Amino acid sequence: MIQNQQSANKISYTVACVSSFAAAHNLSKKDAFLYLYGNKAIAFLKENYDVEHTLSLDDAVEDMTEICRKNGGVL
């Protein structure tokens, strides 16, 4: 039960981050997800969930934007 709740929390957090990123960069949620996935920001969120989820969504958007830039993203 606890593991299922942790997985649900991670999924909810990722959805919130993708939505915030989409709004910040004037993208559809689908386009934001594809961009973030392709530039390794989704993997970054998964790997760093323990720290990232304690920050604001604005901080997460900044972190994801930087990760994407480091991996060839242009936003």
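This is a short dialogue on reading a predicted model.

Biologist: What should be known about the numbering and the confidence limits?

Modeller: Residues are numbered from 1 along each chain as its sequence is written. In this predicted model, local features need pLDDT of at least 70 and side-chain atom pairs count only at pLDDT 80 or more, while totals for chains, interfaces and linings use all residues, and side-chain values use heavy atoms, with hydrogens and water left out.

Biologist: How many helices and strands are there?

Modeller: Helices (H or I, at least four residues) and strands (E, at least two) are DSSP runs, numbered from the N terminus. Here the protein has 5 helices and 0 strands, in the order α-α-α-α-α from the N terminus.

Biologist: Is Thr-14 buried or exposed?

Modeller: Buried means under 20% relative accessible area, exposed over 50%, and partly exposed in between (1.4 Å probe, protein chains only). Thr-14, in helix α1, has a relative accessible area of 19%, so it is buried. Ala-16 is also found in helix α1, residues 2-24, but counts as partly exposed because its relative accessibility is 27%. Buried residues make up 31% of the 75 residues in the protein.

Biologist: Which residues is Thr-14 in contact with, leaving aside its neighbours within four places in sequence?

Modeller: Contact means heavy atoms within 4.5 Å. With those neighbours left aside, Thr-14 is in contact with Ile-42 and Leu-45. Across the protein, 63% of the contacts with a separation of 6 or more join residues 24 or more positions apart.

Biologist: What are the dimensions of the box that the C-alpha atoms fill?

Modeller: Taken along the principal axes, the box is roughly 40 × 20 × 20 Å.
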